[in-house]
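User: Please explain the terms applied to this model, setting each value against its definition.

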Amino acid sequence: MVQTIATGAPHIGPSILSGAKPFVSKWSNRYRGATVQDLEPPSALSLTPSDPISLAMISAFEREYTHLTVVDATTRALLGYISIPHLQAQLETGKVQSEDSLSKAMVRFQRKGKKYKVITMATPLEELEEFFEGAGAGEKQEFAVVTDEDRRFVLGVATRNDLEEFVKRRPA
């Protein structure tokens with residue numbers, strides 16, 4: 001939201017007139033201009049809805065991933081994701097079986113009427129932290145799908161833990 005305040009200068013962020021509090025980063029002094037690319041997120045591992053759950057589990061454990069993206073087999077369009085901890089819980093309770101397809105367990109992105117925050121390799125870490133904290137959207141997030149600017153390609157997945165590890169390695 002861009003608003004003009006008394007001086008005529010543009011204001012980026014929540015309006016101080018609307019009563020909404022602007023997001024304040026816990027770690028901005030450690031970011032020092034860093035972007036998502038500085039987290040060095042591993043390449044995304046994308047599966048298709050028809051892949052078996054067992055493939056998702058094996059692939060995630062081999063790479064120590066907590067989230068996998070699910071894409072259309074033909075167009076490679078991003079359809080949703082699989083949370084490995086949630087998938088494990090579904091397997092333990094018998095809601096799904098290892099031979100079931102991912103379509104039975106995946107979380108689908110709702111495209112109609114929703115606007116998603118685009119996270120790219122150039123996104124500043126303050127914005128990523130704000131995304132994880134749910135500022136503006138009201139819902140905390142555990143991971144972010146990193147795409148190109150046009151959201152055509154999934155480049156990686158950044159997690160809240162990736163951000164915390166980056167901050168721990170960075171001197172104050």
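The exchange below takes up burial, strand pairing, backbone angles and a cavity in turn.

User: What kind of model is this, and how are its residues numbered?

Analyst: This is a predicted model, in which local features need pLDDT of at least 70 and side-chain atom pairs count only at pLDDT 80 or more, whereas totals for chains, interfaces and linings use all residues. Residues are numbered from 1 along each chain as its sequence is written, and side-chain values use heavy atoms, with hydrogens and water left out.

User: Why is Thr-35 called buried?

Analyst: Buried means under 20% relative accessible area, exposed means over 50%, and partly exposed lies in between (1.4 Å probe, protein chains only). Thr-35 has 19% relative accessibility and therefore counts as buried. Its place is in the loop between helix H1 (28-31) and strand S3 (46-47); helices (H or I, at least four residues) and strands (E, at least two) are DSSP runs, numbered from the N terminus. Not counting residues up to four places away in sequence, Thr-35 touches Met-121, Ala-122, Thr-123, Pro-124 and Leu-125, where contact means heavy atoms within 4.5 Å.

User: What makes S4 largely enclosed by the rest of the structure?

Analyst: 5 of the 5 residues of S4 are buried, so S4 is described in that way. In a regular strand the side chains alternate between the two faces of the sheet. In S4, His-67, Thr-69 and Val-71 point one way, Leu-68 and Val-70 point the other way, and all are buried.

User: How do you know that S4 pairs with S3 and with S5?

Analyst: Two strands pair if DSSP finds at least two bridges between them. S3 and S4 run parallel and are joined by 2 bridges, and Ser-46 has Thr-69 in S4 as its bridge partner. The chain passes from S3 through helix H2 (residues 53-63) to S4 in a right-handed β-α-β crossover; right-handed means that, with the strands pointing away from the viewer, the path from the first strand over the helix to the second runs clockwise. S4 and S5 pair in the antiparallel sense over 5 bridges, and His-67 has Ser-83 in S5 as its bridge partner.

User: What is notable about the phi angles of Arg-76 and Glu-40?

Analyst: Most residues other than glycine have a negative phi. Arg-76 is not a glycine, yet has a positive phi of about 65 degrees. Arg-76 belongs to the hairpin of S4 and S5, which has 6 residues between the strands. With a relative accessible area of 43%, Arg-76 is partly exposed. Glu-40, likewise not a glycine, has a positive phi of about 50 degrees. Glu-40 is found in the loop between H1 and S3 and, at 66% relative accessible area, is exposed.

User: What makes a space count as a cavity, and how many of 30 Å³ or more are found?

Analyst: On a 1 Å grid over the protein atoms alone, a cavity is a set of points where a 1.4 Å probe fits but cannot get out, and lining residues have an atom within 4 Å of a point. Grid points are joined across faces, edges and corners, and a volume is the space filled by probe spheres set on the points. A search of the whole structure finds 1 cavity of 30 Å³ or more. The largest cavity has a volume of about 40 Å³, and its lining includes Trp-27, Phe-132 and Arg-160. Helix H4 (125-133) and helix H5 (160-169) each supply at least two residues of that lining.

Conventions: 1 Å grid on protein atoms, 1.4 Å probe; cavity = no way out; pocket = protein on both sides within 12 Å on 5 of 7 lines; lining within 4 Å.
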